[in-house]
Amino acid sequence: LDTIRSTFVSSVGEYVNEFERKIAKYTGAKFAVATVNGTSALHTALLLSGVKEGDEVITQLLTFVATCNAIKYCGAEPVFVDISLKTLGMSPESLKEFLDKNAEERNGYAYNKITGRRIKACVPMHTFGHPVEIDKIIEICSEYNIDVIEDAAESLGSFYKNKHTGTFGKFGVLSFNGNKIITTGGGGMILTNDEELAKKAKHITTTAKVPHPYEYFHDEIGYNYRMPNINAALGVAQLEQLENFLKIKRKIAQEYKIFFDKKGINFFTEPENSYSNYWLNAVILDNKKQRDEFLEITNKNGIQTRPVWTLMYKLPMYKNCFKTDTPNAEYIEERVVNIPSGVIYE
Ligand SMILES: *Cc1c(COP(=O)(O)O)cnc(C)c1O
């Protein structure tokens, strides 16, 4: 109501600043820049990491399609490594194996010996809100001068070794889409500890307009990626609920765990060294046949369950991308079912 009464519903207004400040404080990131959605936040972070047309960006085979689309928007090519069965996110072992086998140094950058392309960045994703082993991933990438951008779209409220996900890499990215842990209708956030990069992020997401009371001067091709004030106001209100949402989500996960243990079914729980928001709950069944039966029986009885995302290389636009052997991703794709994960109000 405040934003409507003030008439500042759109791309200027105090709630954007307030939401950014509050997210920075909550996550421990030095800077936070609000965007129109998580995908645009990823796109901006990749651009500001210097990803150029023809570069390669490493990511994981099991992710939501937006991760790969953002790489493509830069004219770069995704390269897929495997996931870890411990975290369901990027496997540091698979990443290291890929780089040790295929990367060579040329004037300070890593190049893929087989494709001849420069490997500029790496985008691990904290799957279903469970933190990846981000410290190991950053250590491996730093040996090869590869920037790490964390796709933390699903992991607001998730911590690795007591530090918020999305604050380890050069950039982290959050989403506030309707299905995420808190929502602004649609929205995203870029996290970084680098003041210069935060300023650039704000600049190119606001059409690269040079601040001036009345003149319209834009000094490069920018994007209209800024979060509207009315959405930011929703975000500020939603943040007041975050602790409560997390408490309920973790309680639901605990109850699922007890239930599925009794049934002898593997319910996926937070990895070592992690505190997870349990954004999307998952069970790992014994085989594809059991998975299909589980999907059919639950859906027939009015309980919405669904298989995990189709692996990226099985989508038509990513079928020719470079990939390593990915047995874990194949294993998980055949067995995982996501189960209801909404927040129940008490
Ligand atoms: C939701 C999501 C995104 C994209 O966020 P939007 O706000 O929907 O653009 C990106 N990556 C992952 C892993 C997501 O789950």
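Leaving aside its neighbours within four places in sequence, Thr 183 is in contact (heavy atoms within 4.5 Å) with Phe 176, Asn 177, Gly 178, Leu 234 and Gln 238. The model is predicted: local features need pLDDT of at least 70, side-chain atom pairs count only at pLDDT 80 or more, and totals for chains, interfaces and linings use all residues. Residues are numbered from 1 along each chain as its sequence is written, and side-chain values use heavy atoms, with hydrogens and water left out.

Thr 183 is placed in the loop between strand E10 (171-175) and strand E11 (188-192); helices (H or I, at least four residues) and strands (E, at least two) are DSSP runs, numbered from the N terminus. The side chain of Thr 183 reaches the backbone oxygen of Asn 177 at 3.2 Å. A polar atom of that side chain also lies 3.3 Å from the backbone nitrogen of Gly 178.

Helix H10 (residues 288-300) has 13 residues and should span 18 Å at 1.5 Å a residue, counted as 1.5 Å times one less than the number of residues; the end C-alpha atoms are 18 Å apart, which agrees. At the N-terminal end of H10, Asn 287 acts as a cap, with a side-chain oxygen 3.2 Å from the backbone nitrogen of Lys 289. Just after H10, Gly 302 takes a positive phi of about 80°.

In H10, Arg 291, Phe 294, Leu 295 and Thr 298 are buried (under 20% relative accessible area, with a 1.4 Å probe and protein chains only). These buried residues cover an arc of only 95° around the axis, which puts them on the same side of H10; the arc is that of the directions from the helix axis to the C-beta atoms. On the other side, Lys 289, Glu 296, Ile 297 and Lys 300 are exposed (over 50%).

Methods:
A polar contact is a pair of N or O atoms within 3.5 Å; within protein, one must be able to donate a hydrogen and the other to accept it, and residues adjacent in sequence count only if both atoms are side-chain atoms.
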